[in-house]
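Colleague: I am new to this structure and would like to learn how to read it. Could we go through it one feature at a time?

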Amino acid sequence: SYIAQLMRNTGVVFANDLKPDRQKATVANMHRLGVKNVVACSHDGRKMPKLFQHYKFDRILLDAPCSGLGVISRDPSCKVQRTINDVLKTAHLQKELLLAAIDMLNHKSKTGGVMVYSTCSVSVAENEEVVNYALSKRDIKIIDTGLDFGKPGFTRYQQKRFHPSIALTRRFYPHVHNMDG
């Protein structure tokens with residue numbers, strides 16, 4: 001709804017969620033707020049490039065499904081319900097979703113196509129590793145967010161080394177920034 005508000009009910013916002021039940025709340029909120037430029041749909045994000053093969057987007061917000069490790073303070077069950085294998089499976093899905101979203105960007109738009117990739121996890125496997133993977137698979141670049149809060153993304157973590165531009169990404173920690181990760 002905020003993106004639609006910024007667009008002042010012009011253009012078109014596609015709000016996609018795999019689960020149709022969640023879209024009921026999205027549609028209800030759009031009606032309540034008088035938003036008329038949102039199309040709510042329920043598709044597997046990995047298949048959207050084929051569904052929208054004749055349509056490219058100027059901007060994409062990918063709020064990827066994640067392990068939720070950044071919201072432990074709000075949902076302590078994450079600590080005991082998530083395994084390393086869960087995080088790795090989620091990271092694999094995130095990589096697929098990110099590449100699919102990149103493929104839907106309009107690189108010929110005035111902005112060159114801009115995407116925001118976000119998770120509510122503080123896991124390197126779900127953040128820096130996913131973005132680094134996309135950098136290696138697509139001709140993209142990371143741009144400065146212009147945000148003066150948060151911490152720079154890791155360019156090194158344990159034995160792993162990431163592209164230097166990963167430092168332009170932002171990390172938010174619940175205990176430091178008083179918000180979800």
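**Reading the fold**

Modeller: Begin with helix 6, whose buried residues pack against helix 5, strand 4 (114-118), strand 7 (160-161) and strand 8 (170-171). Keep in mind throughout that this is a predicted model.

Colleague: Which residues of helix 6 are buried?

Modeller: First the general idea. An α-helix has 3.6 residues a turn, so residues three or four places apart point the same way. In helix 6 the buried residues are Glu-128, Glu-129, Val-130, Val-131, Ala-134 and Leu-135.

Colleague: Which residues touch the most other members of the largest nonpolar core?

Modeller: That core has 23 residues, and those with the most contacts to other members are Ile-60, Leu-62, Leu-98, Tyr-117 and Ile-166. At least two residues of the core come from each of strand 3 (59-63), helix 5 (84-103) and helix 6 (128-137). Helix 5 contributes the most, with 6 residues.

Colleague: Take one of these core residues. What does Ile-166 touch, apart from residues up to four places away in sequence?

Modeller: Several of its partners are in the stretch from Glu-128 onward: Glu-128 itself, Val-131, Asn-132 and Leu-135. Ile-166 also touches Ile-142, Gly-153, Phe-154 and Thr-155.

Colleague: Now the strands. How do strand 1 and strand 2 run, and how many bridges join them?

Modeller: Strand 1 (residues 13-16) and strand 2 (residues 38-41) run parallel and are joined by 4 bridges. Between these two strands the chain passes through helix 2 (residues 20-33), making a right-handed β-α-β crossover. To find the pairing in the view, look for Phe-14, which stands opposite Val-39 in strand 2.

Colleague: Is Gln-23 buried or exposed?

Modeller: Gln-23 has its place in helix 2. Its relative accessible area is 7%, so Gln-23 counts as buried. Beyond its neighbours within four places in sequence, Gln-23 is in contact with Ala-15, Asn-16 and Asp-17, and also with Ala-40, Cys-41 and Ser-42. One of these contacts, Cys-41, is itself buried, at 10% relative accessibility.

Colleague: That brings up cysteines. How many disulfides does the count come to?

Modeller: In general, a disulfide is a covalent bond between the sulfur atoms of two cysteines. The count here comes to 0 disulfides.

Colleague: Why is Cys-120 not bonded to Cys-66?

Modeller: The cut-off for a disulfide is a sulfur pair within 2.5 Å. The cysteine sulfur closest to that of Cys-120 is in Cys-66, at 3.0 Å, which is too far for a bond. Cys-120 is partly exposed, because its relative accessibility is 27%.

Colleague: How should I read a side chain that meets the backbone? Where does Thr-90 lie, for instance?

Modeller: Take the place, the burial and the partners in turn. Thr-90 lies in helix 5. Thr-90 is buried, since its relative accessible area is 18% and the cut-off for buried is under 20%. A polar atom of the Thr-90 side chain lies 2.8 Å from the backbone oxygen of Asp-86. Setting aside residues up to four places away in sequence, Thr-90 touches Pro-65, Cys-66, Ser-67 and Glu-126.

Colleague: Which residues does Arg-138 touch, leaving out those up to four places away in sequence?

Modeller: Arg-138 lies in the loop between helix 6 and strand 5 (151-152), and touches Leu-99, Ile-102 and Asp-103. Separation in sequence and separation in space are two readings to take side by side. Arg-138 and Asp-103 are 35 residues apart in sequence and 8.7 Å apart in space, C-alpha to C-alpha. Their side chains are joined by a polar contact of 2.7 Å. With a relative accessible area of 28%, Arg-138 is partly exposed.

Colleague: And at the start of the chain, what does Ser-1 touch, not counting residues up to four places away in sequence?

Modeller: Ser-1 is in the segment before helix 1 (2-6), and it touches Met-30 and Leu-33. Ser-1 is partly exposed, at a relative accessible area of 46%.

Colleague: Last, the backbone angles. What is phi of Arg-8?

Modeller: Phi of Arg-8 is near 55 degrees, a positive value in a residue other than glycine. Arg-8 is exposed, with a relative accessible area of 71%, and lies in the loop between helix 1 and strand 1. Asn-9 is also found in the loop between helix 1 and strand 1. Its phi is positive too, at about 60 degrees, although Asn-9 is not a glycine. At 35% relative accessibility, Asn-9 is partly exposed.

Technical notes
Residues are numbered from 1 along each chain as its sequence is written. This is a predicted model: local features need pLDDT of at least 70, side-chain atom pairs count only at pLDDT 80 or more; totals for chains, interfaces and linings use all residues. Side-chain values use heavy atoms; hydrogens and water are left out. Two strands pair if DSSP finds at least two bridges between them. A crossover is right-handed if, with the strands pointing away from the viewer, the path from the first strand over the helix to the second runs clockwise. A nonpolar core is a set of buried Ala, Val, Leu, Ile, Met, Phe, Trp, Tyr and Cys residues joined through side-chain atoms within 4.5 Å. Buried means under 20% relative accessible area, exposed over 50%, partly exposed in between (1.4 Å probe, protein chains only). Contact means heavy atoms within 4.5 Å. A polar contact is a pair of N or O atoms within 3.5 Å; within protein, one must be able to donate a hydrogen and the other to accept it, and residues adjacent in sequence count only if both atoms are side-chain atoms.
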